[in-house]
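Here is a small set of exercises to work through with a structure on your screen. Try each task yourself before you read the solution.

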Amino acid sequence: MKRFALRTGVRWKISIAIAAVGALIALTLSLVVHNAARVSMLDSARDVQLERIGLAQRLYETSTNKDPRFSAKVNDPALPRDLQKLMKEKRRATYIRDRDDGPPEIWAAVPLADGGVLSIRTRFAGRSADILNDLNRALIIGSVSVVFGGCALGVLIGGQLSRRLRKAATAAATVAEGNTEVRVRDAIGGVVRDETDELARAVDALTDALNARIQAERRVTADIAHELRTPVTGLLTAAELLPPGRPTELVRDRAQAMRTLVEDVLEVARLDSASERAELQEIALGEFVTRRVMALNPEVIVQVVHESWVSTDPRRLERILLNLLTNAGKYGRSPIQVTVEGRVVRVRDHGPGFPEALLREGPSRFRTGASDRAGTGHGLGLTIAAGQARVLGARLTFRNAAPEGTDPLGESGGAIAVLWLPEHAPTTTGSFPILAIDD
């Protein structure tokens, strides 16, 4: 079962994390400050009540008419029970009683000499309540500001990290396309050194190691092919000296096939080394393709839709055409069609089409694909064609003409190879990548 994956950027993850931490800290500090301020104000209010009840007691006991002042009451029936217990112990005390319908009540009581209890009750309101409300408002505004500030800081920090990661990904993709001269560490730049730099250095080290291994394998392949050239040539010469007959023909045929294989391997090695350079000439593409194709295979149908002059290497272009026509003739079916339209050359057969692996990954040496298309051969023809296209700065793409779900052997079937010659002459080898796409 495929798991659901929520895709988001590093920038927003960092922003959300900083905002969440900031909100938690702001909420905690706001609660602490609010409670501390409330307790302090209530303690101040209780001290005021104690002073008022002390003054009211002196005035009450010294007056002749025993009239309580400051809204004090004697033996108030609403006196809280906790205060009543303290009064029995002859102690002066204060008490705070919370109310559901409003601010809390602040009580102060003192025992009298005649056995009564003098008490004052006021509500925690007025200026103290206004100050607390202002404080709450300030805390809310401060908390919101902290959250938004954290988001902005997260976007700034996350954006910087995200840009570095994207640059690293772009550079790594360029390396994956074959440009091993690109360094990920140089691509991300920046002054700050963090984990992104460690990742870039690791990718660069991996690239160097793989490049060294590939170069070593290429050298081994080229050396083996070069060393085989001399004995294979001697073998072919010796086969020519054998008496006529069927065994002699078989030996000559296999010796010639081995010689062709050795030459192809050497050519692939030269193309892989990126040392090949095109010798450019101005040619009329349609006329050139028509003459070369007719010389290679007169049965091929050539159609020039639109003539165009191009700057290319005729020898390498002819090599590409030869390999594409050879591949179509060996694995496809007639009719084979070549179409020239501007700078685009299409080669189509009406066979079973290219293997899925070739369409997905492009041509690869010594991989011939499906047995119905590659029962013989070594998979070097299309590899050489793709390599020569890189030298010309061109693109070589592959697709099948048959839509999905139709019979590939029908009239609409067949393999199509498309060579896209560049508008301008290449300045370096491999100006354009080889793509295996459905155009």
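This is a predicted model, and we begin with one pair of charged side chains: Arg97 and Glu105 meet in a salt bridge, with 3.0 Å from N to O.

**Exercise 1. Find out whether Arg97 and Glu105 are buried, partly exposed or exposed, and which residues share their network of salt bridges.**

Step 1. Start with Arg97. Its relative accessible area is 26%. Buried means under 20% and exposed means over 50%, so Arg97 counts as partly exposed.

Step 2. Turn to Glu105. Its relative accessible area is 4%, which means that Glu105 is buried.

Step 3. Look for further partners. Arg97, Glu105 and Arg121 are linked in a network of salt bridges. The structure holds nine salt bridges.

**Exercise 2. Describe the salt bridges of Glu89 with Arg91 and of Arg137 with Asp134, and say how covered each partner is.**

Step 1. Locate the pair Glu89 and Arg91. Their side chains meet in a salt bridge of 3.2 Å, N to O.

Step 2. Check the cover. Glu89 has a relative accessible area of 48% and is partly exposed. Arg91, at 46%, is partly exposed as well.

Step 3. Move to Arg137 and Asp134. The closest N and O atoms of this salt bridge are 2.8 Å apart.

Step 4. Ask how the two residues are placed along the chain. Arg137 and Asp134 are three residues apart in helix α3 (residues 127-176), so about one helical turn separates them.

Step 5. Check the cover here too. Arg137 is partly exposed at 47%, and Asp134 is partly exposed at 42%.

**Exercise 3. Work out the order of the strands in the open sheet of five strands, and explain why β6 and β10 each have one side without a neighbour.**

Step 1. Read the strands across the sheet. The order is β6-β8-β9-β11-β10, and the pairing is mixed.

Step 2. Find the two ends of that order. β6 (301-306) and β10 (395-400) stand at the edges, where each has a single partner strand, so one side of each is left without a neighbour in the sheet.

Step 3. Add the twist. From one strand to the next, it averages 15°.

**Exercise 4. Follow strand β11 and name its partner strands, with the number of bridges to β10 and to β9.**

Step 1. Recall the general idea. Strands of a sheet pair through backbone hydrogen bonds, in either a parallel or an antiparallel way.

Step 2. Take the partner β10. Six bridges join β10 and β11 (residues 415-420), and the pairing is antiparallel. Two examples can be picked out: Thr397 has Val418 as its bridge partner, and Leu396 has Leu419.

Step 3. Take the partner β9 (residues 344-348). This strand also runs antiparallel to β11, and five bridges join the two. Here Val347 stands opposite Ala417 of β11.

Step 4. Ask how covered β11 is. Five of its six residues are buried, and the strand is mostly covered.

**Exercise 5. Look at the backbone of Pro335, Asn75 and Lys90, and say what stands out in each.**

Step 1. Keep the usual case in mind. Most residues other than glycine have a negative phi, and most peptide bonds are trans.

Step 2. Look at the bond between Ser334 and Pro335. This peptide bond is cis, with omega about 0°. Pro335 is found in the loop between α8 (314-331) and β8 (337-341).

Step 3. Go to Asn75. Its phi is positive, about 55°, although Asn75 is not a glycine. Asn75 lies in the loop between β1 (73-74) and α2 (81-88), and it is partly exposed at 49%.

Step 4. Finish with Lys90. Its phi is also positive, near 60°. Lys90 sits in the loop between α2 and β2 (93-99) and is exposed, with a relative accessible area of 56%.

**Exercise 6. Step back and describe the protein chain as a whole: how many helices and strands does it have, and what percentage of its residues are buried?**

Step 1. Count the secondary structure. The protein chain has 10 helices and 11 strands.

Step 2. Consider burial. Of the 439 residues, 34% are buried.

Step 3. Consider the surface. The accessible surface comes to about 26,200 Å², and 56% of this belongs to carbon and sulfur atoms.

Step 4. Consider the contacts. Among those between residues at least 6 apart in sequence, 64% join residues at least 24 apart.

Notes
Residues numbered from 1 in each chain as written. Predicted model: local features only at pLDDT ≥ 70, side-chain atom pairs only at ≥ 80, totals over all residues. Heavy atoms only, no water. Pairing = 2+ DSSP bridges. Helix = DSSP H or I, 4+ residues; strand = E, 2+ residues; numbered from the N terminus. Axes fitted to C-alpha atoms, helices over the stretch in contact; angles between N-to-C directions. Buried < 20%, exposed > 50% of the residue type's maximum accessible area, 1.4 Å probe, protein only. Contact = heavy atoms within 4.5 Å. Areas by Shrake-Rupley, 256 points an atom, 1.4 Å probe, with all protein chains shown as cover. Salt bridge = Lys/Arg side-chain N within 4 Å of Asp/Glu carboxyl O.
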